[in-house]
Amino acid sequence: MNQYNVIGMTCAACQARVEKAVCSVPGVESCAVSLLTNSMGVEGDASPEAIVEAVEKAGYGASLKNASSPSPAVKPSEDALADKETPALLRRLLWSVGFVALLMYVSMGHIMWGWPLPALLAENPMALGLIQLLLAAVVMVINQKFFINGVRGVLHLSPNMDTLVALGSGASFVYSTWVLFAMSFDLTAGNVDGAFHRLHELYFESAAMILALITVGKMLEARSKGKTTNALRSLMSLAPDTATVLRDGVEAVVPVAEVRKGDRFVVRPGDKIPVDGVVLEGESAVNESALTGESIPVDKAVGDGVSAATVNQSGHLVCEATRVGEDTTLSQIIRMVSDAAATKAPIAKVADKVSGIFVPVVIGIALVAFTAWLIAGKDVGFAIARGISVLVISCPCALGLATPVAIMVGNGVGAKNGILFKTAVSLENAGRVDTVVLDKTGTVTEGKPRVTDIRLEGDEAAALTAIYSLEIMSEHPLSAAIVEYAHKCGLAPLPVTDFKALPGRGLEGKVNGKHIRGGNRALLRQYTAIPAATLSAAEGWANEGKTPLFFSSDNEFLGCIAVADTVKADSPAAIREMKDLGLRVVMLTGDNPKTAAAIAHEAGIEEGNVIAGVLPDGKEAVIRELQTTGKVAMVGDGINDAPALTRADVGIAIGAGADVAIDAADVVVVKSRLSDVTAAIRLSRATLRNIHENLFWAFCYNSLGIPLAAGLFIPFLGWEMNPMFGAAAMSLSSFCVVTNALRLNLVNIRKPGAFRRKAKVYPPISHQTENQQESEDIIMEKIMKIEGMMCPRCEAHVVKALKAVEGVADAVASHTEGTAKVTLASPVADEVLKAAVEAEDYKVLGIE
């Protein structure tokens, strides 16, 4: 998407005109114009020159945003978002109020309430009229922008809100000038009483007051709109201006723009980290709340990553730059929030269509009202007042701003909490989902095995040291879990000789001259007897989805350690909150059903909502099936879940960390917290509710205000609107919409119980794959006994190998039972199945 700055837009009608002009350029696939940020996002292969030309032909200006800077374009972007409009409008308003006050004193104070004036003026109606004309003309010159933009819109056949204001004020001025001429004719004829009476027919004060009141509304709107981008501006201001780099061993303070990838930089306590990097020396606690919303500092040591704009709180760090300029996490977040603001939510389409034809329709209604009252026998002054009231009370901006201001504020709230919505569509859709599908590994669980249970014989410290020494020689994830556990216990590994990995079975080696073995039960039974109590405990652990590992020293049994991918601490609470929101929670995993059921039970997911034995390429089909019952959000890590994330109505990638630009995801959560997914859904629902409130107000305001201004209620209720009150109402309408959107900043998106919705009733989830359903009549099943599977990863390898065999419809493996259930769509020889499995270094004991 290319982004452009657009100048000259004043209302929603301008926005619709620019959008229509750009969409007509050959090669443009989509265009979204934001009145809020005066920007435009364009997708397609049309040249920037052609797009700028189209905008200029429509009567506005455009320029391509510069995105080629090698350094973070933070300051220029921050300047672009700075509120420059409010001070200019305030100056205009102060001058206008001064002259309007004089005008009101002369026109209303003296003529209606007898306030004193010099005798020379008090007895001269023509002088009073001319003074009003001059004062009104000064106010019109001060606010000439309304007339310039209004006339330009008419010349380009795209009338806008300024056109309505200019017509209303101009009509009042022209009619009053004609009354002045009539007054002069009365005076010439000697009809002084008639000339004084005509002072009541002057509308100069309306012409000036309309402009002043509209300027009040514009200023309040501009001030409020400036606040909607506060979150984005605060993100931009986070990046430090300088960095302390090491050049030839000497520290040098340089601008951040001069830091290059591979440079070494120093961060002292209290300093902000200038760019993304990795710690080379030192330890510290780093406050990452600017990026994640998490106030608790994160400990950093050698090898850990650090991000730009986070604060080093305690230790002295030496880091190597890995991402600089626009590649830093902060810059990616800023770009993502900006891109989201340049897109449109589907809910805005109705308002956009109305805004596109709003002004011509209002002008037509004003002419009809004027004509109708003349036909009804009213005088020209009364009829023109009705027409002017219609023109000045109508407000397309309230309609045009209803959605984008809420989207901008919602995106800002999300960014402050480490939740990034890539588009306005994703922000809207997240609140409409009915089903949340959770990938198990790394989403519901920690994503890496941990030691959960341990039973050791004899000297536990000595036994664990021997096991630690053996396992540290392996790179297997299960070994890493034991190594981490032993390290935390403060143990030191001993030298190992004759180390050997036994594929699919375990490890062996010599420690202090003793032959240490570790692995599955089948391996250890060959060398030692396993106590019945340990076997019973191991069976219980296996039923809970854990992997028991057995160990021996020479021919003596050392003990058993259970390793499992544990459920995240916040997952059960987050899943309960999802259910409170009326969502169906489904867990999708490639693990065997027993492990999946154990994890689901611990996390609080119903057994009927667990789909197990599904590889990454099969998850997309499951999402497609679930979409038949409603909108679906898929939550995963954004890597092996890419097809499912893309297929879902909303793809949510969690635990992105520094990699926030995950292509497959619609929503990116920086921290690996499932509770942030719940917060994202609450934020979306809050934003949707706010948009509905804004649209309701905008439509109701115009639906009631225009008939009232046209005088529709005069015959029945006697309600008559002065044009000045119409202008006051219009000036506040957009301000109310923007102010309401700002209330989103006060929403607590982590409050349990907020934004609940009644849950739907769903049919049972089918566990069958498409291949199983199609081949149900010709199904053949074989059970393979396999030795060597030790964990869910081993299961996945076996299943993948079997599914690659022609004729195999499906396969489900269990490392705890040592079996693989193979479903055949056509006959396959046992030798072929055996060869496929043993090619992955697992031993086939038999096939039934």
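## A309 and D841: two positive phi angles

Start in the loop that runs between β11 (305–306) and β12 (311–312), where A309 sits. This is a predicted model, and in it A309 takes a positive phi of about 80° although it is not a glycine. Is A309 buried or exposed? With a relative accessibility of 2%, A309 counts as buried.

D841 is another non-glycine residue with a positive phi, near 75°. Its place is the loop between α33 (830–838) and β30 (843–847). Here the surroundings are more open to view: D841 counts as partly exposed, at 48% relative accessibility.

## How far to trust the model

The average pLDDT for the chain is 81, and 86% of the residues score at least 70. Strand β7 (residues 264–267) has the highest confidence, at 93, while helix α31 (residues 770–774) has the lowest, at a mean of 38.

Two stretches deserve a flag. Residues 67–77 have a pLDDT below 50, and this stretch makes 16 contacts in the model beyond near neighbours in sequence. Residues 767–779 are also below 50, with 19 contacts of that kind. Take the contacts of both stretches as part of a prediction with pLDDT below 50.

## The chain as a whole

The secondary structure adds up to 33 helices and 30 strands. The chain has 848 residues, and 54% of them count as buried. What share of the contacts with a separation of 6 or more comes from residues 24 or more positions apart? That share is 71%.

As for the outside, the chain exposes about 36000 Å², and carbon and sulfur atoms supply 58% of that area.

## Nonpolar cores

The largest nonpolar core has 76 residues. Inside this core, V18, V22, M40, L438 and I652 have the most contacts. Helix α28 (residues 675–710) gives the core its largest share, 8 residues.

L438 is a good residue to click on. Setting aside neighbours within four places in sequence, L438 touches T443 and V444, and its partners also include I575, M578, V585, V586, M587 and L588. I605, V635 and L674 are in contact with L438 too. Apart from the core of L438 lies another one, of 41 residues, with I482, F551, C794 and V837 among them.

## A nonpolar patch on the surface

Not every nonpolar side chain is tucked away: I357, V361 and I365 form a patch on the surface, and together they have about 240 Å² of accessible area. V361 belongs to helix α14 (residues 349–375). How exposed is V361? Its relative accessible area is 43%, so V361 is partly exposed.

## Salt bridges across the chain

Side chains of opposite charge can pair when their charged atoms come close. The structure holds 22 salt bridges. One of them joins D263 to R247, with the closest N and O atoms 3.3 Å apart. D263 is in the loop between β6 (250–255) and β7, R247 is in strand β5 (residues 242–247), and 16 residues separate the two. D263 is buried, with a relative accessible area of 18%, whereas R247 counts as partly exposed at 36%.

K546 and D453 form another salt bridge, with 2.7 Å between the closest N and O atoms. K546 is in the loop between α23 (532–543) and β20 (547–553) and D453 is in strand β16 (residues 450–456), so the pair ties together parts 93 residues apart in sequence. K546 has 15% relative accessibility and therefore counts as buried.

Helix α28, which supplies 8 residues to the largest core, also takes part in a salt bridge through E693. The partner of E693 is R743, and the N to O distance is 2.9 Å. R743 lies in the loop between α30 (723–742) and α31, 50 residues away from E693. E693 counts as partly exposed at 30% relative accessibility, and R743 counts as partly exposed at 40%.

Finally, there is a small group to look at: R450, E484 and K488 are linked in a network of salt bridges.

Methods: Residues are numbered from 1 along each chain as its sequence is written. Side-chain values use heavy atoms; hydrogens and water are left out. pLDDT is the predictor's confidence in each residue, from 0 to 100. Helices (H or I, at least four residues) and strands (E, at least two) are DSSP runs, numbered from the N terminus. Contact means heavy atoms within 4.5 Å. A nonpolar core is a set of buried Ala, Val, Leu, Ile, Met, Phe, Trp, Tyr and Cys residues joined through side-chain atoms within 4.5 Å. Buried means under 20% relative accessible area, exposed over 50%, partly exposed in between (1.4 Å probe, protein chains only). Patches are made of residues with over 30% relative accessible area and no salt bridge: like charges are joined within 9 Å, nonpolar side chains (Val, Leu, Ile, Met, Phe, Trp, Tyr) within 5 Å. Accessible areas come from the Shrake-Rupley method with a 1.4 Å probe; for residues, only the protein chains shown count as cover. A salt bridge is a side-chain nitrogen of Lys or Arg within 4 Å of a carboxyl oxygen of Asp or Glu.
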